[in-house]
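Work through the exercises below with the sequence and the model open. Try each task before you read its solution.

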Amino acid sequence: MERNRPHLIINGLGQAVAFRAKGGGQANRPSDVPNRRAHAQALLRAIDALGDPTAQNRPGVYLEIQARPNEPFVTKSLDASGLHLLRVSTDPENVDAPARATVFASAAGVGKLREKIEAFQGEETPKGRPKNADLVQSISAIVEAGLRALWRSPAAKFPAHGEVHPWEIWLERAEADRFLERAVALGIRFEGDRLQFPEDVVVVGHGTHDQIADAVRSFGTVKALAAPSVLSDYFEGIPPEEQAAWAQAMEGLVQPPHSVNPRFITLLDSGIGLNHPLIQPFLDPVDRHAAEPGWGLNDVHGHGTQLAGLSLYGDLLPVIQSNVPVHIGHRLESAKIIPDAGQNPHHLLGAVVLNAVNAVEANAERGRTFSMASTTDEDTPHDGAPTSWSSEIDQLTAGVSGNQHRQRLFVISAGNTDQNRFQGADYLSICDDPDHEIESPAQAWNSICVGAYTEKVRIPADLPGQAVALPGDLAPSSRTASWSSHWPIKPDVVMEGGNWVQDRLPPPMKHSALSLLTTDHQYPLRSLTTTADTSAATALAAKAITELWEDYPHLWPETIRAIFVSSARWTRQMKSHLPANPSKGDFTRLFQRYGYGVPDEARARRSAANALSLIVQDTINPYRPSTTAGAEPIHNQMKFFQLPWPKEVLRQLGATEVTLRVTLSTFIEPNPSEAARGSKFRYASHNLRFKLNRANENQAQFQARINKLADDPDAEPVADNDGWIFGRNRRDVGSLHIDEFRGPASDLARRNLLAVHPVAGWWKSKSIKDVGQKTARFVLVVELDAGAVEADLYTEIEAAIANLNIAQIAV
């Protein structure tokens with residue numbers, strides 16, 4: 001699904017401003033070829049030069065078709081009537097060079113292409129244009145394709161003639177087995193493993209240039225060729241000088257931030273090594289700090305430097321092999337919270353982080369994503385209840401702690417499992433055990449807790465055993481949330497964290513081949529190393545969040561959190577653990593393992609025409625003093641939002657199922673007193689909820705229903721959950737609430753009122769001064785998705801936003 005339009009954003013009660021990327025008009029029609037007959041004759045001679053594939057006992061011929069310079073390349077007709085369009089490529093080093101299409105043409109396809117050119121030469125449409133003009137006029141040349149025309153990797157990696165090389169071969173799925181049987185007779189040797197995708201099978205074949213070319217020409221089932229990807233253990237195992245050569249080659253492709261005010265990832269870790277050439281351009285010496293003045297600033301342990309590489313580049317394995325320019329828009333800061341020797345006293349961990357935050361913020365005013373992959377198991381089991389460390393994180397994020405009172409965004413790892421606990425049983429059941437609950441302070445309400453999943457399952461051919469986790473499932477290292485339902489859903493999301501290898505004897509072992517490639521703190525002794533687990537996943541999340549924030553630099557931290565987490569979805573493998581017709585309670589295990597799933601960075605950063613995000617930033621005064629002497633404060637406000645639905649479009653869609661996903665995000669101020677630790681209503685300063693009106697329920701009726709629920713939110717009837725996938729037991733916890741409504745489009749057209757209202761919080765239950773002046777910020781992210789239906793909801797809603805009425809009603 002194409003996603004190329006910024007989200008629609010509303011700030012407070014003001015008029016909506018749509019930052020929509022305006023596209024250009026229709027492409028110009030290709031200009032007429034000066035000599036129509038001569039052009040057609042030249043193309044027909046090119047086809048004749050190909051010969052008859054049938055006479056050569058070949059199923060067809062691979063064509064390389066070159067576009068005319070400075071003209072739109074019309075390729076639609078190259079994927080029909082016996083023609084199979086395999087790829088369209090351009091020259092990355094010469095943007096003015098014409099595009100080239102690689103096409104497999106059966107014998108019948110060659111004949112059809114000839115017929116199209118002949119019709120262009122002598123026939124016209126009723127409007128007087130040459131037939132097939134758009135196609136034929138866009139072609140400048142047709143030749144038989146060589147192997148380079150099928151090459152999808154960087155040109156520099158194309159194998160040389162004369163030697164045996166490994167080739168990654170992409171095959172038609174239905175013909176893969178037949179190709180492998182016949183190709184062996186040509187001397188090509190295949191490794192045992194293969195990858196299967198919906199339309200392709202990918203294998204690695206070892207052969208010379210001529211052997212591969214013979215197989216391609218003879219069998220006609222090859223769709224693409226590429227350089228086989230090596231595993232991370234290859235780079236970790238090569239000598240230091242070879243590692244340095246790879247890093248040096250990549251160094252020349254890295255482009256530092258050009259922004260005057262780039263965003264920063266602030267790593268709260270063991271420090272960052274300053275001399276690595278892949279880190280130096282993004283880390284100034286003055287941006288290294290420590291929680292304690294006497295600590296050194298360098299990275300002795302290596303953990304921080306590893307995460308620094310991931311925070312900049314992600315997994316270096318695909319990046320370092322791609323040989324293409326690397327654009328990075330953010331920079332790094334280091335705030336050391338782990339001493340070089342010994343360890344922090346447990347009761348001071350919150351203070352250590354506070355000191356680190358104060359140190360970096362005193363140095364410079366800038367936009368930051370705080371990333372911390374340091375947790376403790378000393379608080380286990382906490383069962384989701386607040387600890388001193390998690391409460392300090394909540395204070396820092398809410399802006400009520402620290403020398404500078406500002407809201408902050410924290411990304412924290414879920415913590416790692418004990419590898420020695422895995423003794424051959426189902427690894428998911430071990431991860432789900434309460435002894436492997438998420439470590440403190442990752443249960444903090446306002447932070448983003450990151451667990452790990454994995455897509456890494458390929459192991460070296462000579463390594464016995466198999467990967468523990470299936471692709472798309474929980475990484476074996478990731479801890480889960482086994483606690484009571486009234487504490488927040490954690491983890492919030494999962495990112496790539498690597499896999500383990502299971503041989504005959506337990507326990508399973510970590511292996512560099514199933515890890516992520518990154519920077520080594522021992523440079524120049526070693527340039528590259530591998531890392532994994534929830535630390536790696538947290539660094540990847542910090543990178544993705546910061547890139548999202550670069551797109552929307554003026555959004556609040558609680559807004560970025562909402563957009564990022566709301567973009568997450570469970571993989572197909574995760575959902576395979578659900579029954580055929582799941583009830584709301586069946587989702588509990590998925591939430592405890594995976595949170596909301598894997599973030600979709602494209603969905604987080606852009607809307608599509610039929611799947612858009614509407615973002616509202618606003619404030620609310622949740623409570624006011626009671627008029628009864630000595631009584632507790634009472635509820636003060638609820639806010640209503642009239643959703644700018646394109647009612648006519650939704651009505652026209654009728655019974656077509658659409659999905660409404662609503663996210664409510666706020667940062668609470670914590671009260672971790674002993675009495676409050678057992679109650680979500682006494683720990684949080686304020687608790688907010690969202691409600692959607694029922695079909696044909698007007699605002700007065702809707703408001704009256706919410707009034708009844710404000711003092712007793714658990715009294716909400718089950719019927720109100722109709723259409724909601726997760727339900728209020730999962731939705732109404734923590735300070736981030738997400739749920740999905742699925743139903744007929746015509747039904748949603750009548751449900752266009754969304755309310756945000758308070759329920760109990762310690763601001764209300766405590767006798768505090770000026771309770772009526774207490775203001776809470778909140779964010780609504782409303783996603784509307786019409787699925788595969790072609791409906792331009794974005795344009796319709798964009799036009800309606802100017803008339804959006806936001807009513808502020810005193811209760």
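Buried means under 20% relative accessible area, exposed means over 50%, and partly exposed lies in between (1.4 Å probe, protein chains only). This is a predicted model, where local features need pLDDT of at least 70, side-chain atom pairs count only at pLDDT 80 or more, and totals for chains, interfaces and linings use all residues. Residues are numbered from 1 along each chain as its sequence is written, and side-chain values use heavy atoms, with hydrogens and water left out.

**Exercise 1. Classify F741 as buried or exposed, and place it in the fold.**

Solution. Start with the accessible area. F741 has a relative value of 3%, so it is buried. Next, find its element. F741 belongs to strand β33, residues 736-744. Strands are DSSP runs of E with at least two residues; helices are runs of H or I with at least four, and both are numbered from the N terminus. Then look across the chain. The C-alpha atoms of F741 and G723 are 5.2 Å apart, with their positions 18 residues apart along the chain. For the wider setting, 57% of the 811 residues in the protein are buried. The protein has 24 helices and 36 strands.

**Exercise 2. Determine the geometry of the ring pairs W570–F591 and F587–F726.**

Solution. Two quantities describe an aromatic pair: the distance of the centres and the angle of the planes. Rings of Phe, Tyr and Trp (its six-membered ring) pair if their centres lie within 6.5 Å; planes under 30 degrees apart are stacked, over 60 edge-to-face, and the rest tilted. This rule gives 23 aromatic pairs.

- Step 1. The ring centres of W570 and F591 are 5.2 Å apart and the planes meet at 70°, so this pair is edge-to-face.
- Step 2. W570 sits in the loop between α14 (557-566) and α15 (572-575), and F591 in helix α16 (residues 588-594), 21 residues apart. Both W570 and F591 are buried.
- Step 3. For F587 and F726 the centres are 5.7 Å apart and the planes are at 75°, so that pair is edge-to-face.
- Step 4. F587 is in the loop between α15 and α16, and F726 in the loop between α20 (699-710) and α21 (728-731), so the pair ties together parts 139 residues apart in sequence.
- Step 5. F587 is buried at 8% relative accessibility. F726 is buried at 6%.
- Step 6. Put the rings together: W570, F587, F591, Y596 and F726 form one aromatic cluster.

**Exercise 3. Which ring does the charged end of R731 sit over?**

Solution. Apply the test. NZ of Lys or CZ of Arg must be within 6 Å of the ring centre and within 35 degrees of the ring normal. The charged end of R731 sits over W724, 5.4 Å from the ring centre. R36 lies over the face of F120, 5.8 Å from the centre of that ring.

**Exercise 4. Describe how α13 packs against α14.**

Solution. Axes are lines fitted to C-alpha atoms, for helices over the stretch in contact, and angles run from 0 to 180 degrees between N-to-C directions. Helix α13 (residues 533-551) and α14 have axes 10 Å apart, at an angle of about 115°. Angles under 35 degrees are roughly parallel, over 145 roughly antiparallel, 65 to 115 roughly perpendicular, and the rest oblique. The two helices α13 and α14 are therefore roughly perpendicular. Now list the contacts, meaning heavy atoms within 4.5 Å. From α13 come A541, A544, I545, L548 and W549; from α14 come P557, I560, I563 and F564.
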